[in-house]
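Colleague: Could you take a close look at one part of this model with me? I would like to start from a single side chain and work outwards.
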Amino acid sequence: MSPTLDQMREAQRALEARLFSGLPGDIDVSFEFFPPKTEKMAETLWSSVKTLEPLDPRFVSVTYGAGGSTRERTHDAVRRIVAETGIPAAAHLTCVQATREEVDEVARQYWEEGVRHIVALRGDAPDAEAGYAPHPGGYENAADLIAGLKKIADFEISVAAYPEMHPDSPDRQADLDNLKRKFDAGATRAITQFFFEPECFFDFRDKAAAAGIDGEIVPGIMPVMSFAAVQKMSGLCGTAIPDWMEGLFDGLDERPEARQLVSATIAAEMCRRLYAGGVRQFHFYTLNRAELSYAICHMLGLRPKA
């Protein structure tokens, strides 16, 4: 498929932009964590939160396991971030395996504890082979969940978007229609699934605008901690891995420091090209490790706040 005129212009701006030097740091960032399973993992999470806190993120979010399997751990992590940092915390919340009343009660508890931001998701089916089915008496999908949350309180709500289409969507237009329903229900912004080519995001942004979506769409950035893990996650969520990428990580399985340098280089260059294309908001999937995300933010000109 030939590149569009807009894509060619984006690429030209990226090529002409200076290599990081002099970037003013006029970006907004947010970070995603997952709830820890052990005390050691909790220490790693908290160290990462404290490392990234000086970058003054708009918010940090904490994920929610399939079927609500991490509900209490998610709640504990969010509660601690609210209590012990100055960072706004967002709690992930899904529709899976819960009635409306159960989900509403979780949301009310978050609001009472000072959490004003929810990442509202349909959620994944506990049994992937069986596929997703709404819980009897539960919210049907993310748009339905958003409408319910808005009746409880005036939450800020982030939702998911899929530049390469959600695996359950029948086609691209149906996927965009679903995203629009989420904005129409009250979503504040959409955060994309991770991707590895900036053109993927620019193309999605253009298609969303053409579909009448004018809400904020933030690219989700996944620095590669493990290429094998990324291959597995990409297979589950439908993200394409470029042919060139495997070659760059080949031979680095036993060299984690070198792998980290390669990962930072790839992610930072993609962010630079996104920046050159007008992107000023970035959401980092940290996998509870701070250094890669911190380094990329640094190269984009962001510095710790006093």
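Colleague: Which residues does F31 touch, not counting residues up to four places away in sequence?

Modeller: Happily! This is a predicted model, so local features need pLDDT of at least 70 and side-chain atom pairs pLDDT 80 or more, while totals for chains, interfaces and linings use all residues. Numbering starts from 1 along each chain as its sequence is written, and side-chain values use heavy atoms, without hydrogens or water.

Leaving out residues up to four places away in sequence, F31 touches L52, L55, P57, F59, V60, S61, H283, F284, T286, S293 and C297; contact means heavy atoms within 4.5 Å. F31 also belongs to the largest nonpolar core, which has 66 residues, and is listed with L149, L274, F282 and F284 as touching the most other members. Such a core is a set of buried Ala, Val, Leu, Ile, Met, Phe, Trp, Tyr and Cys residues joined through side-chain atoms within 4.5 Å. Buried means under 20% relative accessible area, exposed over 50%, and partly exposed in between, with a 1.4 Å probe and protein chains only.

Helix α10 (residues 256-276) supplies the largest share of this core, 6 residues; helices are DSSP runs of H or I, at least four residues, and strands are runs of E, at least two, numbered from the N terminus. Another core lies apart from it, with 16 residues, including A90, V119, F227 and C237. In soluble globular proteins, nonpolar side chains tend to be buried together.
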